[in-house]
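Me: I have a structure open and would like to go through it slowly with you. Could you help me read it piece by piece?

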Amino acid sequence: MSRIDVRKTYKLFIGGEFPRSESGHSYVVHDQQGRFVANAALASRKDARDAVSAARKAFPGWSARTAYNRSQVVYRIAEVMEDRRPQFVEAVRQGEGGTAASAGKVLDAAIDRLVWYAGWADKITQVTGNANPVAGPYFNLSTPEPTGVVAAVAPADSSLLGLVSVVAPVIVTGNTVVVAASPERPLPAVTFAEVLATSDVPGGVVNVLTGTLDRTVATLASHMDVNAIDLTGLAGDPEQAQALEVAAADNLKRVRRAPAAEPDWAADPGLGRMTDVLETKTVWHPIGV
Amino acid sequence: MTSTAAATTHPGNDWADVTASDASLRRFLHGLPGVDQVGAEARAAGLGTRSIKTTAKAYAIDLAIRMVDLTTLEGQDTPGKVRALAAKAVHPDPADPTCPSTAAVCVYPDLVAVAKETLGSSGVKVASVATAFPSGRAAIDVKLADVRDAVAAGADEIDMVIDRGAFLSGRYLEVFEEIVAVRAACGAAHLKVIFESGELQTYDNVRRASWLAIMAGAHFIKTSTGKVQPAATLPVTLVMLEAVRDYREQTGQMVGVKPAGGIRTTKDAIKYLVMVNEVAGPDWLDPDWFRFGASTLLNDLLMQRTKMQTGRYSGPD
Amino acid sequence: MAKNVFEYAPAPESRSVVDIKPSYGLFVNGEFVDGHGHSFKSISPSTEEVLAEIAEADEADVDLAVKAARRAHSRVWGRMPGKERAKYLFRIARIIQERGRELAVLESIDNGKPIKETRDVDIPIVAAHFFYYAGWADKLEYSGHGTESLGVAGQVIPWNFPLLMLAWKIAPALACGNTVVLKPAETAPLTALLFAEICQQADLPAGVVNIITGAGDTGRALVSHPDVDKVAFTGSTEVGKAIARAVAGTDKRVTLELGGKAANIVFDDAPLDQAVEGIVNGIFFNQGHVCCAGSRLLVQESVADEVLARLKRRVTTLRIGDPLDKNTDIGAINSAEQLAKIRELSDIGEQEGAGRWSPPCELPDHGFWFPPTIFTNVTQAHRIAREEIFGPVLSVLTFRTPSEAVEKANNTPYGLSAGVWTDKGSRILKMANALRAGVVWANTFNKFDPTSPFGGYKESGYGREGGRHGLEGYLK
């Protein structure tokens, strides 16, 4: 008789811990072939609000860390992911299909993407900030600052590379994030959360909600303590995206709109995902004896 | 209370022109050299890396014990608790009679008599908080009555709080005159003036409060009540040690310094002593000029003392 | 009266973490090979003990190293995608962190500087440099300086911050796709040789980094080698000028980081106790062996006496001694030669009429030692106000007005750094504008960060190291 394996429970990731949904609900996750894989937690509106609280609580500490420190932490996430290759390859293959080799390439890209973003922590200021030569005896300096708590709708299809591409720019710039994972393919997000929990990432910097979007995203879009929202995961659903953008206007959240179709994640991301969540502060000071 | 009383607080010094008005006092205090936060914190941290000889460490532990004002300031204090505390202050380690006594016990005014009775002729002093400790928010008459009450009950030392509201609004002369009045009410008792540095927030304010309190007649300047975070820190104490050092340079008079609250381990205590030694000088390495306001610190000092003597750690049991 | 019981125990960091070999070869094309010049000894400046025998690279050795670097550039490193280069640099950064204690102890033994500094300042910043530049390798298109490497860089570094100077040279060069041949200083080569081992541990492709030991001749051969595309030099202004002449008429790119005679300017409204710390840090940190040292104190007349009194009191608490002792503030002078120079110039200072003061201090019998020294009543005419001493010697001048301070501060062919101490923000900015110096420290001194560009005006050199600006020197 062959050995029976101990199957994993897939829970939410909020404030550095792994709670079940406070609603007690779960939902069925299938693999690419339609077979049952697991019951994942079905996040509720309250879970979403709790996640925002956790993200807000973590923001002052995370944004106050040196850029060097943040880059070290994000680099460490990459280290731990690399160390867990087989697990991620399996998770990607399961949800997205394809071979182990193609899933391996996806993982390579995700890790390299993390490393790319890690290196931005202490450089984005040098590239987007500068002194301004105003016409007067004043020292004038513009510097970027993190906007605060960001809600992100993770891509529906690219459940690991796309996920990382949406989360990394937000945290490397000093923001904290609540991510609504791909509803059909949430499992890599949970495994990713486990990596975060063991990579020196303070609790609450990244929070992961699994489940269908109807319960969580509307709450996030209208939440008054969320500073920005990334609607990438709503690519191809313009009506929903518009409704959320309307809700976001209540406190003038910075909105990254849903693209028409899911982006090519292999392409150079550019600076946009970082500058979207950075404010620019300009300070004047007279120059005189 | 007029400012002429200030002229006799530290014999030989006449601060009368500085304290003649709020404006002149402000000019003096704001004319003191500023404190750069980053630089002060870096210096304090650097001093914390010094390592002292084992023989010096044994002496340092005993010195630290002798500098402790063993404190209990809880709403739920009882005579029984105070008696036990006082007994411990006299014989901190019942198993070892060579262990020195602490400098003082520190209690609320209504428990001074109990402490005094237990301490007897042991030489351990009774310090009492007063002036509507810890907030200081009461009428001046009430605060002075609080002081007289504690002194009448036998307090050797009075730990007063300054009016932080007045200080932060810039009413320096008011703060000054209050300290002068309290000093008068102390009679022979020694006065410690608590700044509540956590509420003052800036090191510039700590420097100004130091000079103000010293000019008003403080025997000791003290960081905190222990009821507000942050309480004592190395950089705040550094600024106060610089102030008493400078004061002696100018006038020849010494004033004591007491960090209180948040000093829990022997390692912490030794960092403070190193700082005293390098910043103010070895003359301050004496319970007459430096105290620790603490409760749990004593236990760790005793543990380390036992370890140095026997080579073994004992636990809280 | 309390007795002063606070004797500081010797708290020596253990040497056992370090394994110094009896002799070292050159690191060329990924391996240690013999050198064909005259090998020499590296000694510990605090004890004068011989540490190891070091190979000298002769012209043929230099040629082999450059050839190895060229091959590695054309075949491997120059065509490797930035994101792969980045990961090599991240590996190196990590290994430096992992072997941090070993590197700190070795640096203190070989150079003479206190373990407190190597452990808390030098080595952490070395690791941070590699981390910072690792992160540029895959995003050069955002640098504003181009994306194409130059080729082979010949780099010569001094003995005052051996591993840190190596990091400042190698990290940006490699990030930009160049390969390097680096010559460490002959009086402090050991951490560079340990770095070579770290390159091996990181599986860095052979020839990307080559370390060739030697003295002046080796350095000359390297910078004048025809197949070197870029020359980077940190050292004396005299040698810097010689290099500038040598590369004239060639296509070689050059960056120079040379000497300094920085003014540390203290105004009457300065936060005095922190200003004193800044003065002390400015000239006595690293025994004053710092190109950007605040070697001239310009103090406003109205506070001059007070500042000097506080300064002397503070200097009296500095501890000179065994570099491996965690309580040591000031270590040994790096070599007998340097000690002789410091003594010579100090004697000249006295002869020229400046007032000389040092705190009483017991100096060890063996090794090269010089007590912290302060000269007062110094004028611009004195040699000690004009020439770089490169030791723990401070010259004190006074001024009355800001413009006088600026004029005196700028009255030097050097222009590396300056310090300004005042509580007034607008004055900081005004002084910063007026001072002809590449780095201005306001209410602080001797602060370094991989993100912050460092380099001089005038005869302190040209080019910048650190930050985005530090990439320019290594890209086409």
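Reply: We can go through the confidence, a sheet, the domains of one chain and a contact between chains, in that order, keeping in mind that this is a predicted model.

Me: OK, what are the ipTM and pTM scores of the model?
Reply: The model scores 0.93 for ipTM and 0.93 for pTM.

Me: And what is the mean pLDDT of chain C?
Reply: Chain C has a mean pLDDT of 95, and 99% of its residues reach 70 or more. As a general caution, where pLDDT is low, the predicted coordinates should not be read in detail.

Me: Now the sheet in chain A: in which order do the strands come?
Reply: The open sheet in chain A is formed by 3 strands in the order β3-β4-β10, and their pairing is antiparallel.

Me: Which strands stand at the edges, and why does each have a side without a neighbour?
Reply: The edges are taken by β3 (130-131) and β10 (278-286) of chain A, and because each of them has a single partner strand, one side of each is left without a neighbour in the sheet.

Me: How many bridges join β3(A) and β4?
Reply: β3(A) pairs with β4 (residues 138-146) of chain A over 2 bridges, in the antiparallel sense. If you want a place to look, find A:Ala131, which stands opposite A:Leu141 in β4(A). In general, strands of a sheet pair through backbone hydrogen bonds, either parallel or antiparallel.

Me: Switching to chain C, how is it divided into domains?
Reply: Chain C has domain 1, made of 23-258 + 458-474, and domain 2, which covers 263-442. The centres of these two domains of chain C, taken over C-alpha atoms, are separated by 30 Å.

Me: How many residues are in contact between them?
Reply: In chain C, 23 residues of domain 1 are in contact with 26 residues of domain 2. On the domain 1 side, α3 (100-111) and α4 (115-137) of chain C each supply at least two residues, and α3(C) gives the most, with 4 residues. The residues of that side of domain 1 divide into 8 nonpolar, 8 polar and 7 charged.

Me: Last thing, how many residues of chain B are in contact with chain C?
Reply: There are 24 residues of chain B in contact with 22 residues of chain C. The elements that give two or more residues to the chain B side are α2 (37-47), α3 (54-67) and α12 (266-280) of chain B.

Me: Which one gives the most?
Reply: That is α2(B), which gives 4 residues to the side of chain B that touches chain C. The residues of this side of chain B divide into 10 nonpolar, 6 polar and 8 charged.

Terms used: Residues numbered from 1 in each chain as written. Chains lettered and ligands numbered in written order. Predicted model: local features only at pLDDT ≥ 70, side-chain atom pairs only at ≥ 80, totals over all residues. Pairing = 2+ DSSP bridges. pLDDT = per-residue confidence, 0-100. Domains from an automatic or database assignment. Contact = placed C-beta atoms within 7 Å. Nonpolar A, V, L, I, M, F, W, Y, C, P; charged D, E, K, R; others polar.
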